[in-house]
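I opened this notebook to keep a plain record of what I looked up in the structure and in what order. The entries begin with the whole chain and end with single residues.

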Amino acid sequence: MPMKYKIDVLSVLKDSGYNTNRIRKEKLLGEYTLQKLRSGEPVAWKSLETLCELLRCQPGDLLEYVEE
């Protein structure tokens, strides 16, 4: 997979006040998306948009291209 996360997204979300219980309760991201983030897999564009909104960042702050 040529794209990978630069940061531990779930950890940064938690530091920003968005633990997984809050994320589920407020329906910010689905369980499937949370599982993909846990395993470092890519998420859908809409989920990436939500992450950028919550963390007030750009996609490039979360992802990087790594040549295989």
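**Entry 1: overall size.** I took the radius of gyration over C-alpha atoms, and the globule rule as 2.2 Å times the number of residues to the power 0.38. For 68 residues that rule puts a compact globule near 11 Å, and the chain has 11 Å, so the two agree. I note here that the model is a predicted one, and I read every value below as computed from that model. Along its principal axes, I found that the C-alpha trace spans about 40 × 20 × 20 Å. I then looked up the accessible surface, which comes to about 4900 Å², with 49% of that area belonging to carbon and sulfur atoms. Buried residues account for 31% of the 68 residues.

**Entry 2: order of the elements.** I counted five helices and two strands in the chain, and reading from the N terminus on I wrote their order down as β-α-α-α-α-α-β. To see how the contacts are spread along the sequence, I took those between residues at least 6 apart, and 58% of them join residues at least 24 apart.

**Entry 3: the core.** Which residues touch the most other members of the largest nonpolar core? I found that this core has 17 residues, and that L13, L37, L51 and L62 are the ones with the most contacts to other members. Two or more residues come from each of helix 1, helix 3 and helix 4, and helix 4 gives the most, with five residues. I followed L37 further and, leaving aside residues up to four places away in sequence, listed its contacts as Y5, V9, L10, L29, V43 and L51.

**Entry 4: helix 4.** Since helix 4 gives the most to the core, I looked up which of its residues are buried. Helix 4 covers residues 45-55, and its buried residues are S47, L48, T50, L51, C52, L54 and L55. I recalled that an α-helix has 3.6 residues a turn, so residues three or four places apart point the same way. The buried residues of helix 4 pack against helix 1 (9-15), helix 3 (31-38), helix 5 (59-62) and strand 2 (63-65). Just after helix 4, I noted that R56 takes a positive phi of about 50 degrees. On the other side I looked at A44, which lies in the loop between helix 3 and helix 4 and is partly exposed, with a relative accessible area of 48%. The C-alpha atoms of A44 and Y32 are separated by 11 Å, the two residues being twelve apart along the chain.

**Entry 5: the cysteines.** How many disulfides does the count come to? I had C52 and C57 in mind, and with a disulfide taken as a pair of cysteine sulfur atoms within 2.5 Å, the count comes to zero. The sulfur of C52 has its closest cysteine sulfur in C57, at 4.2 Å, and that is too far for a bond. Starting from C57, I found the closest cysteine sulfur in C52, again at 4.2 Å. C52 is buried, at 11% relative accessibility, and C57 is buried as well, with a relative accessible area of 16%.

**Entry 6: the salt bridges.** Side chains of opposite charge can pair when their charged atoms come close, and I therefore turned to the charged residues last. The structure holds six salt bridges, and I wrote out some of them. E31 meets R24 in a salt bridge at 2.6 Å, N to O, and E31 also meets R38 in a salt bridge at 3.4 Å, N to O. R24, E31 and R38 are thereby linked in a network of salt bridges. I checked the accessibility of the three residues in turn: R24 is partly exposed at 34%, E31 is partly exposed at 39%, and R38 is partly exposed at 40%.

I also noted the salt bridge between K36 and E41, in which the closest N and O atoms are 4.0 Å apart. Is K36 buried or exposed? K36 counts as buried, at 17% relative accessibility, whereas E41 counts as partly exposed, at 36%.

Notes:
Residues are numbered from 1 along each chain as its sequence is written. This is a predicted model: local features need pLDDT of at least 70, side-chain atom pairs count only at pLDDT 80 or more; totals for chains, interfaces and linings use all residues. Side-chain values use heavy atoms; hydrogens and water are left out. A salt bridge is a side-chain nitrogen of Lys or Arg within 4 Å of a carboxyl oxygen of Asp or Glu. Buried means under 20% relative accessible area, exposed over 50%, partly exposed in between (1.4 Å probe, protein chains only). Helices (H or I, at least four residues) and strands (E, at least two) are DSSP runs, numbered from the N terminus. Contact means heavy atoms within 4.5 Å. A nonpolar core is a set of buried Ala, Val, Leu, Ile, Met, Phe, Trp, Tyr and Cys residues joined through side-chain atoms within 4.5 Å. Accessible areas come from the Shrake-Rupley method with a 1.4 Å probe; for residues, only the protein chains shown count as cover.
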